[in-house]
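Q: Could you take me through the aromatic pairs in this model and what surrounds them? I work at the bench, so please spell out the cut-offs as you go.

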Amino acid sequence: ELRQDELKQCKWSFDERFVACKYYKDGRGRKQLILFDIAHGNSTHIYDDRSLGGTRENFTWSDEKLDLFYDHYDHNDQTEKIYLIDNIKEMSASRFTIPQHRVLLDNLTPCVAAGAYQNNTIYCVTTTKELPGYKALPKNEFLTAKDWLIIAHRIGKENVPQNPIVVTKAPFLFSAGFDDIALYPVNANYIAVYG
């Protein structure tokens with residue numbers, strides 16, 4: 001069903017049993033996040049959004065458990081929200097007949113794009129508008145966006161995020177939209193930014 005030009009981003013789970021892929025169907029009007037269970041040959045939709053608006057959806061896997069973090073635009077209150085699905089193993093064992101257990105991580109504000117997770121820390125993207133105390137860079141011919149930052153939230157007990165830490169010293173991303181940004185864990189010391 002998926003055409004290659006519709007696939008925008010795929011990420012493997014840490015154990016390489018699952019792959020989650022974000023893609024757009026029917027042009028860009030229908031956004032979906034699909035989870036593929038490679039061992040059993042099954043798949044399920046994490047979300048299937050037929051409405052327009054909110055283009056910053058991103059996702060990441062935990063580095064040591066089968067937890068999937070993703071952000072999605074809430075059309076009711078016009079905000080980005082980050083969710084955790086913590087029962088992937090049970091969903092797989094049932095061949096996706098049981099529903100996903102979705103937890104809203106509302107303490108993760110001002111994150112607007114879940115990006116990478118490692119060492120009990122989730123790295124995400126925000127803007128200087130969302131984070132008081134930081135200012136956008138002056139107009140610059142090399143940057144189309146001057147106000148984006150990467151922040152880190154340490155995840156404490158019971159998946160409760162702690163206060164954010166700014167990872168980048170200054171805004172630096174070159175893309176025109178959050179939708180083009182992907183953060184990938186490289187190892188315990190580095191994350192990679194694609195955008």
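A: Here is a walk from the whole chain to the aromatic rings and their surroundings.

Please keep in mind that this is a predicted model, in which local features need pLDDT of at least 70, side-chain atom pairs count only at pLDDT 80 or more, and totals for chains, interfaces and linings use all residues. Residues are numbered from 1 along each chain as its sequence is written, and side-chain values use heavy atoms, with hydrogens and water left out.

Let's start with the setting. The chain has one helix and 14 strands; helices (H or I, at least four residues) and strands (E, at least two) are DSSP runs, numbered from the N terminus. Of its 195 residues, 47% count as buried. Here buried means under 20% relative accessible area, exposed means over 50%, and partly exposed is in between (1.4 Å probe, protein chains only). For contacts between residues at least 6 apart in sequence, 45% join residues at least 24 apart, where contact means heavy atoms within 4.5 Å.

Now to the rings. The structure holds four aromatic pairs. A pair of aromatic rings is described by the distance of the centres and the angle of the planes. Rings of Phe, Tyr and Trp (its six-membered ring) pair if their centres lie within 6.5 Å; planes under 30 degrees apart count as stacked, over 60 as edge-to-face and the rest as tilted.

One of these pairs is formed by tyrosine 47 and tyrosine 70, and it is tilted, at 5.6 Å centre to centre with 35° between the planes. Tyrosine 47 belongs to strand β4 and tyrosine 70 to strand β6, so this pair links distant parts of the chain, 23 residues apart. Both tyrosine 47 and tyrosine 70 are buried; for tyrosine 47 the relative accessible area is 9%. Together with Tyr83, these two tyrosines form one aromatic cluster. Tyrosine 47 also has a C-alpha atom 8.0 Å from that of lysine 31, which is 16 residues away along the chain.

Another pair, phenylalanine 69 with tyrosine 117, is stacked: the centres are 4.8 Å apart and the planes meet at 15°. Phenylalanine 69 sits in strand β6 and tyrosine 117 in strand β9 (residues 113-118), so the pair ties together parts that are 48 residues apart in sequence. Both phenylalanine 69 and tyrosine 117 are buried.

Threonine 60 touches both members of this stacked pair: leaving aside neighbours within four places in sequence, its contacts include Phe69 and Tyr117, along with Lys11, Asp67, Leu68, Gly115, Ala116 and Ile122. This threonine lies in strand β5 and is buried, with a relative accessible area of 2%. Its side chain reaches the backbone nitrogen of tyrosine 117 at 3.4 Å.

Tyr70 brings us to the nonpolar surroundings. In soluble globular proteins, nonpolar side chains tend to be buried together. A nonpolar core is a set of buried Ala, Val, Leu, Ile, Met, Phe, Trp, Tyr and Cys residues joined through side-chain atoms within 4.5 Å. The largest one here has 16 residues, and those with the most contacts inside it are Leu33, Leu35, Ile46, Trp61, Leu68, Tyr70 and Ile88. At least two residues of this core come from each of β2 (18-25), β3 (30-37), β4 (42-49), β5 (59-61), β6 (68-74), β7 (79-85) and α1 (88-93). A second, separate core of 13 residues includes Ile82, Leu105, Leu108 and Cys111. As for leucine 35, contacts beyond its neighbours within four places in sequence include Phe18, Ile46, Trp61, Ile88 and Phe96.

Finally, follow the chain past the stacked pair. Asparagine 119 lies in the loop between β9 and β10, is partly exposed with a relative accessible area of 40%, and has a positive phi of about 50° although it is not a glycine. Most residues other than glycine have a negative phi, and most peptide bonds are trans. Beyond that loop, strand β10 (residues 121-127) is joined to β11 by seven bridges, and the two run antiparallel; strands pair if DSSP finds at least two bridges between them. Within this pairing, cysteine 124 stands opposite isoleucine 151 in β11. Strand β11 (residues 148-155) is mostly covered, with seven of its eight residues buried.

Terms used: Polar contact = N/O pair within 3.5 Å; in protein donor to acceptor, adjacent residues only side chain to side chain.
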